[in-house]
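Open the model in your viewer and set it to cartoon. The stops below say what to select next and what is there.

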Amino acid sequence: MMNNIIQYFQEADTYQILDVVGTVIGLVYIYQEYKASIWLWLTGLIMPIAYTFVYYEAKLYADFGMQIYYILAAVYGFLYWQFGRKKKENIEVPITRFPKQKILPTLFVFLLLWGAIYYVLITFTNSNVPVLDSFGNALSIVGLWALAKKYIEQWWIWVVADIELSALYIYKNIPFTAGLYALYAIIAVAGFYKWKKMMKENDENIKL
């Protein structure tokens, strides 16, 4: 087993090694997200550095471009979680439900993003998976925004995105990242119930 691992790294290209590095960083990221730790946003600044090269080499151009969005979203998420608190009580941003009035606009934005990314891929790149690549990344944009807002339903968005992206990465021969996203999907379910418990505890503390 160990010899096979050593052989893999000896024969691996740079992007395959970064696939492993990104996977390790991703495990740290999902654990921090599960715990609703603000430090997930700092980890979210590091992870795109590894994956920029991986996705470019795999010709997953939507994923490649998404790394810039991840960096910007990480900055926004950190600032929002750190400073978006009630001034008088100095209470941190709470976990809340996805506002019903935002469901349809968010769905519209998702469809618009999906179509826009798909158009860019078929027009300006040689991507051979434009539908799947654009779908997963459009959904990830919405999911990351929902995470930054601390909406508990963001976990269900990630379940769908992670399953789809895991299958895509298997097809594109990025095995470690594919496994990571499959694990993400499982942890996302556990994360929902973890956040639900935290939200309930926070509501009880406010009442007290």
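Which residues in α4 meet which residues in α6? The model is a predicted one, and this helix pair is the first stop. Select Y61, A62, D63, M66, Y69, Y70, A73, Y76, G77, Y80 and W81 in α4, then D133, N137, S140, I141, L144, W145, L147 and A148 in α6; these two sets meet each other. By class, the contact of α4 with α6 divides into 14 nonpolar, three polar and two charged residues.

Now show the two helices as axes. Helix α4 covers residues 61-83. Its axis and that of α6 come within 9 Å and cross at roughly 5 degrees. An angle under 35 degrees counts as roughly parallel, and α4 and α6 are therefore roughly parallel to each other.

**Whole chain**

Zoom out and colour by secondary structure. How many helices and strands are in the chain? There are eight helices and zero strands, so that coloring by secondary structure gives the pattern α-α-α-α-α-α-α-α along the sequence. Of the 208 residues in the chain, 45% are buried. Take the contacts between residues at least 6 apart in sequence: 72% of them join residues at least 24 apart.

**Annotated spans**

Next, select residues 38-58, 64-83, 103-122 and 178-195. The unreviewed UniProt entry places the feature "transmembrane region" at these residues. Two of the spans can be checked by their ends. Residues 64-83 are 100% helix and 0% strand, with end C-alpha atoms 30 Å apart. Residues 178-195 are also 100% helix and 0% strand, and there the end C-alpha atoms lie 25 Å apart.

**α6 and α7**

Return to α6, residues 130-148, and add α7, residues 154-171. The axes of these helices come within 9 Å and cross at roughly 155 degrees. That makes α6 roughly antiparallel to α7. The crossing of α6 past α7 is left-handed.

For the side chains, select L132, D133, F135, G136, L139, S140, V142, G143, L144, A146 and L147 in α6; they meet Q154, I157, W158, V160, A161, E164, L165 and L168 in α7. This contact has 13 nonpolar, four polar and two charged residues. D133, S140, L144 and L147 of α6 appear here and also in the contact with α4.

**Two loop residues**

Stay at the loop between α6 and α7 and select K150, which lies there. Is K150 buried or exposed? K150 has a relative accessible area of 5%. Because the cut-off for buried is under 20%, K150 counts as buried. The phi of K150 is positive, about 65 degrees, although K150 is not a glycine.

Then go to A36, in the loop between α2 and α3 (40-57). A36 is not a glycine either, and has a positive phi of about 55 degrees. With a relative accessible area of 15%, A36 is buried.

**Last stop: V20**

Finish in helix α2, residues 14-34, where V20 is placed. V20 counts as buried, at 15% relative accessibility. Select P175 as well and draw a distance between the two C-alpha atoms. What separation should the viewer give for V20 and P175? The C-alpha atoms are separated by 8.9 Å, while the two residues are 155 residues apart along the chain.

Key. Residues are numbered from 1 along each chain as its sequence is written. This is a predicted model: local features need pLDDT of at least 70, side-chain atom pairs count only at pLDDT 80 or more; totals for chains, interfaces and linings use all residues. Side-chain values use heavy atoms; hydrogens and water are left out. UniProt positions are given in the numbering used here, feature names are shortened, and annotations may be inferred rather than shown by experiment. Helices (H or I, at least four residues) and strands (E, at least two) are DSSP runs, numbered from the N terminus. Axes are lines fitted to C-alpha atoms, for helices over the stretch in contact, and angles run from 0 to 180 degrees between N-to-C directions. Angles under 35 degrees count as roughly parallel, over 145 as roughly antiparallel, 65 to 115 as roughly perpendicular and the rest as oblique. A crossing is left-handed if the near helix is turned anticlockwise from the far one by less than a right angle, and right-handed if clockwise. Contact means heavy atoms within 4.5 Å. Ala, Val, Leu, Ile, Met, Phe, Trp, Tyr, Cys and Pro count as nonpolar, Asp, Glu, Lys and Arg as charged, and the others, Gly among them, as polar. Buried means under 20% relative accessible area, exposed over 50%, partly exposed in between (1.4 Å probe, protein chains only).
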